[in-house]
Number of protein chains: 2
Amino acid sequence: MLEKVEFLMKQMIESLNDKHILELFHKIPKGKRLRAKLILKIAGLSDDAYKLAAIVELIHAASLLHDDVIDDALTRRGKDSINAVFGNKTSIMLGDILYSKGFTSLTTLAQNIAYKVSNAVALLSVGELLDVKLSEEFNTNEELYMDMIYKKTASLIEAASASAAMLAGKNVEIYELYGKNLGLAFQIIDDVLDITQESEKLGKPSMHDFKEGKTTLPYMYLYDRIDEYEKERLKSLFKKDLSKDDKIWIKNKMQETSSLDDSIKYAKKLGLEAMRAIRDEDSEGLKKIIKDMIERDF
Amino acid sequence: MLEKVEFLMKQMIESLNDKHILELFHKIPKGKRLRAKLILKIAGLSDDAYKLAAIVELIHAASLLHDDVIDDALTRRGKDSINAVFGNKTSIMLGDILYSKGFTSLTTLAQNIAYKVSNAVALLSVGELLDVKLSEEFNTNEELYMDMIYKKTASLIEAASASAAMLAGKNVEIYELYGKNLGLAFQIIDDVLDITQESEKLGKPSMHDFKEGKTTLPYMYLYDRIDEYEKERLKSLFKKDLSKDDKIWIKNKMQETSSLDDSIKYAKKLGLEAMRAIRDEDSEGLKKIIKDMIERDF
């Protein structure tokens, strides 16, 4: 099923008639293809569904290429990132190529689908800038954080889900709600895993978010639940290279204050909302996506 | 006429509901709006024509934001570039925002127009990578150079012209040919001006292309027309900071060998082909665009 998506993605890049680009494309670490799975589960295995899945994955890959440049990320999924191997400029240009090729193919689908997906990319791009801006200071505003992860992560998953429903003639609103909550929960689980998992498992450095200035949900919960002295200590570690002791202190405090557990609980709550949205649909597969996503360990 | 285009561009950015982005947007140095003028001249002053003009200018601005990062350009149109003031990362993110917002608006126009313009952006992105790749070594292959400037510069001008014709129900092929030749001529004149004009006039450093590894048409003509000893000298200056004497030597040699004149002649020839394409159309304005473009001094 996903093989056909990979094949179509490759075909889109091949249509650019440039060997160098195709070589670079093959060096991009492949992801979980969550968005493709989602689209095929909702829209079925039609030609247009495969095409939409390939387009959304191409666009997602483009966003990660730029993301890794913005975040100075040198590894992705346990492999060297494109910017680590070929430099930031190549990543920017390859990202632009994947974006524009994705948009071009998108214009061959129905207009409401093309609008939905491209509008999500606009939100995603705004979300990236918000993320960087929030990372300038120690952010404790949960509302700003949720708005940012909605735009940066959930919007494209929401659009994937909604546009697949459009393709299949299903009720768009409920799939949109499903996708949005899935996307939010996905990001929160990602934020938790950054703290709880070892770097080998993550395929990237562990506890890297805080060093990057990202006070994700567990950090906000923690900050809210510790005394003034500890608040100062936590703030003093913000954006710093954490020592082993610092990491242990943060993790222990998060355990003590249930900051990690409550973040997971919140993700589960969002997962349940996603499931509730599609409760009247014949959608065992979509329920499994939620379950697997929450229970994943990388 | 162009004020309305500026207004629509601003409106598109405002619809993102983010003050920070709007502030950044206003700091982007404004260009000649060649593409907007072209669209309005061909399609007339309808609402859709204004919209298309604003979209294409937004997309063009996005491409320049990324371009300046790729080329390490610190000035643009006599002003500090966005990357010079706010850093590369902000330029990348703002470029992505302008691109994706442009694509989103594009999906509200007719499908053939949306396809044409987005496909041109894919070519443009490929052209950017080709440009960087060609700049790695001293390139003397005129065919590769022409293919690169077609993709990087002419494709979007070609698409602007063709999509405006689609909008107005005019003969698309002849306007496409017009736009393509206009775009090619435009880039060659740009390459000539880089050599002949002072930096104050250009609004960017003069004779900067060669330092960036770009052996543009006048350099290729020159290389072809000098002896072995001079060829070595020219090659030794490739990608170097040029001294005043080096610059004078190159310019004198280009004069002697008619390399600049012949580049201008070639641009004029392309300009004539553009005019010939639209010879049966009522298009004084379009002929004037060609004339002004070739005779411009910055």
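When I give an expected span for a helix, I mean 1.5 Å times one less than its number of residues. Keep that in mind, everyone, and thanks for coming. One caution before we look: this is a predicted model.

Let's start with helix α1 of chain B, residues 2-14. This helix has 13 residues, and from first C-alpha to last it reaches 18 Å, close to the 18 Å expected. Which of its residues are buried? They are B:Val5, B:Leu8, B:Met9, B:Met12 and B:Ile13. These residues sit on the same side of α1(B), because they cover an arc of only 140° around the axis. Here is the textbook background: an α-helix has 3.6 residues a turn, so residues three or four places apart point the same way. On the other side of α1(B) you'll find B:Glu3, B:Phe7 and B:Gln11, which are exposed. And what covers the buried residues? The cover includes α2 (19-26), α3 (34-43), α4 (47-70) and α6 (88-106) of chain B.

Now over to chain A, where helix α1 also spans residues 2-14. The buried residues of α1(A) are A:Val5, A:Leu8, A:Met9, A:Met12 and A:Ile13, and their arc of only 140° puts them on the same side of the helix. They pack against α2, α3, α4 and α6 of chain A. The face turned away from that buried side carries the exposed residues A:Glu3, A:Phe7 and A:Gln11.

Let's step back to chain A as a whole. You can count 16 helices and two strands in it. Its C-alpha atoms fill a box of roughly 60 × 50 × 30 Å along the principal axes. For 298 residues, a compact globule would have a radius of gyration near 19 Å, and chain A agrees, with 19 Å. Buried residues make up 49% of the 298. If we take the contacts in chain A with a separation of 6 or more, 72% of them join residues 24 or more positions apart.

One residue to point out on the way is A:Asp47, in helix α4 of chain A. Is A:Asp47 buried or exposed? It counts as exposed, because it has 9 C-beta neighbours inside 10 Å, and the cut-off for exposed is 12 or fewer. The C-alpha atoms of A:Asp47 and A:Lys4 are separated by 10.0 Å, with their positions 43 residues apart along the chain.

So how do the two chains meet? The contact takes 32 residues from chain A and 32 residues from chain B. On the chain A side, the elements giving two or more residues are α2 (19-26), α4 (47-70), α6 (88-106) and α7 (111-134). Of these, α7(A) gives the most, with 13 residues. By type, that side of chain A divides into 16 nonpolar, 10 polar and six charged residues.

Helix α7(A) deserves a closer look. It has 24 residues and reaches 34 Å from its first C-alpha to its last, close to the 34 Å expected. The helix is largely enclosed by the rest of the structure, because 18 of its 24 residues are buried.

Last, the symmetry. A rotation of 180°, with 0.0 Å of shift along its axis, superposes chain A on chain B with an RMSD of 0.0 Å. That is the relation of a two-fold axis. And 100% of the interface residues of chain A are also interface residues in chain B, so the copies meet through the same surface.

Thanks, everyone. I'm happy to go back to any part of the picture.

Terms used:
Residues numbered from 1 in each chain as written. Chains lettered and ligands numbered in written order. Predicted model: local features only at pLDDT ≥ 70, side-chain atom pairs only at ≥ 80, totals over all residues. Helix = DSSP H or I, 4+ residues; strand = E, 2+ residues; numbered from the N terminus. Buried ≥ 20, exposed ≤ 12 C-beta atoms within 10 Å, placed from the backbone. Arc of directions from axis to C-beta. Contact = placed C-beta atoms within 7 Å. Nonpolar A, V, L, I, M, F, W, Y, C, P; charged D, E, K, R; others polar. Rg over C-alpha atoms; globule rule 2.2 N^0.38 Å. Least-squares fit on C-alpha atoms with pLDDT ≥ 70 in both.
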